[in-house]
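Trainee: Could you take me through one part of this model slowly? I would like a close look at the place where the two chains meet, and then at what lies around it.

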There are 2 protein chains.
Amino acid sequence: MTPVVRKVLVTGSGGLIAGALVRDLADRYDFTGQDIARPSHPTVPTTVGDLSNMEDVRRALDGMDAVVHLGADSRQDAPWSSVLPNNLVATRNVFDACRDAGIKRVVFASSNHAVGMHELDDPYSRIRVGDYEGLDPDNVPQIDHTVQIRPDGHYGVSKAYGEATGAYYAENFGLEVACLRIGTVNRANRPMDIRQLATWCSHRDIVQLIRLCLDHEPLRFDIFYGVSNNKWRFWDIDHARDVLGYAPQDNAEDYRDSI
Amino acid sequence: MTPVVRKVLVTGSGGLIAGALVRDLADRYDFTGQDIARPSHPTVPTTVGDLSNMEDVRRALDGMDAVVHLGADSRQDAPWSSVLPNNLVATRNVFDACRDAGIKRVVFASSNHAVGMHELDDPYSRIRVGDYEGLDPDNVPQIDHTVQIRPDGHYGVSKAYGEATGAYYAENFGLEVACLRIGTVNRANRPMDIRQLATWCSHRDIVQLIRLCLDHEPLRFDIFYGVSNNKWRFWDIDHARDVLGYAPQDNAEDYRDSI
């Protein structure tokens, strides 16, 4: 089946997830990149611009069917002075310009940090340090897309803000919006510590999830967690499985002996 | 009992709710006002300043125990160009400066518009236009503090953002934060149309709720709806009743014949 969306802008295209995405799905979509700096080794045509500047956003969006909005200051402890332009203003600009340009769909890189404080509650606080005593991994209550917003930093607040903005544009202007509360995606592409045995998301699993969010019909607004099928995960994947057919291929547990 | 907080800064002190608050509770708190413009008839000492300017915020906070943060562009359809400085930046500044200044508690004026799109779902969509057929007012499922964020404008998004910011400062820095999703508070102090038979909040009821949020112990972070005990209300007050002892005195239904 031909995908409904073909021409896809990837913001923050110099980043890790963008790199995996355009590499793995080059045959499926016609990707264009956008980044604040000119890439040294671009793998896709790239528009250089600042997403906090609306004219730069409009220019990057020209002719696109969909946007995967990954561009942001992605540091969990990013200072407000950077979060304000790069996450808050930029994300509002992307959604607003997408509406104006008649873009069909936006996949927004939210983050588990929008709800990061849940992780300090029992039993998650124990799982993240490997204290599994008395816990059954098949019966850990999952943190899902309906939990209360509990950010752990300005970065997390900005992601909650992006979700709220996406909901507004979806419900009021018909933009289709999928928000991904992405877990731990790293360069090594394997869990690096005890916490990541719960929170890891492999490159191929996040790429699969983004692909499903681009192609799945119908979709209006929804929130999914980007996490692999880890034995000790505490973020829900049932909702992504039920709505999108997400079928993650990786499990951090397979790497336990190597962390 | 002596209130725990005594010196209270009211931001946006030129506004309607602030006026009712400082009038009704003048004996209970030592109020100081803050507004962007010099008031023509100030009823409390007032600091003039711009909340999007951190230095102005710090100056206004000097010596305070608590803040009732009402200052914002309060138009439901406020444009982004105003929401950005007056609601987003200002609210972050207030929370951040409160942490730095060791302020005990913040009562944040959120809004029903943070979750305004729920109102277009059945049965709320019928209640707001007076189509009560088949509905029992005592059994309308209430929109409560746990529903999903569904803003109906940039204003509503900014209020969801303020709640997320409040949660962050409460959980990470010990600031005590109450967010009020305020309904319809108007100058006439009575419901003016069919929708307001559901959404009205009288002056004395919102003043009571703010007082409870300033005084109640313990409080860490919570969200309450600011609405009178209206026959056809669809926003939950049980949570405010259970946590704070909120006992609204007014019911919009008493004014039905006069709208």
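Mentor: Here is a walk from the meeting place of the chains outwards.

A word on the ground rules: this is a predicted model, in which local features need pLDDT of at least 70 and side-chain atom pairs count only at pLDDT 80 or more, while totals for chains, interfaces and linings use all residues. Residues are numbered from 1 along each chain as its sequence is written, and chains are lettered from A and ligands numbered from 1 in the order in which they are written.

Let's begin with the contact itself. On chain B, 21 residues are in contact with 21 residues of chain A (contact means that C-beta atoms, placed from the backbone, lie within 7 Å). Helix 3 (80–101) and helix 5 of chain B each supply at least two residues of the side that touches chain A; helices (H or I, at least four residues) and strands (E, at least two) are DSSP runs numbered from the N terminus. Helix 5 of chain B gives the most, with 10 residues. Sorted by class, that side of chain B has 11 nonpolar, six polar and four charged residues. Here Ala, Val, Leu, Ile, Met, Phe, Trp, Tyr, Cys and Pro count as nonpolar, Asp, Glu, Lys and Arg as charged, and the others, Gly among them, as polar.

How are the copies arranged? Two copies of a chain are related by a rotation about an axis and a shift along it. In this model, a rotation of 180° with 0.0 Å of shift along its axis superposes chain B on chain A, with an RMSD of 0.0 Å (by least squares on the C-alpha atoms of residues with pLDDT of at least 70 in both). The two copies are therefore related as by a two-fold rotation axis. In chain B, the C-alpha nearest that axis belongs to Tyr161(B), 2.7 Å away. Because 100% of the interface residues of chain B are also interface residues in chain A, the copies meet through the same surface.

Now follow helix 5 (residues 154–173) of chain B into its own chain. This helix lies across strand 5 (105–111), strand 6 (176–182) and strand 7 of chain B, and runs at about 155° to strand 5 of chain B (axes are lines fitted to C-alpha atoms, for helices over the stretch in contact, and angles run from 0 to 180 degrees between N-to-C directions). In chain B there is an open sheet of seven strands in the order 3-2-1-4-5-6-7, with parallel pairing; two strands pair if DSSP finds at least two bridges between them. Its edge strands are strand 3 (46–48) and strand 7 (221–226) of chain B, each pairing on one side only. From one strand to the next, the twist averages 20°. At one end, three bridges join strand 2 (residues 30–35) of chain B to strand 3 of chain B, and Asp35(B) has Val48(B) as its bridge partner there.

One last stop is the loop between strand 5 and helix 4 (124–127) of chain B, where Pro123(B) lies. Most residues other than glycine have a negative phi, and most peptide bonds are trans. The bond from Asp122(B) to Pro123(B), however, is cis, with omega near 5°.

Key:
Two residues are in contact if their C-beta atoms, placed from the backbone, lie within 7 Å.
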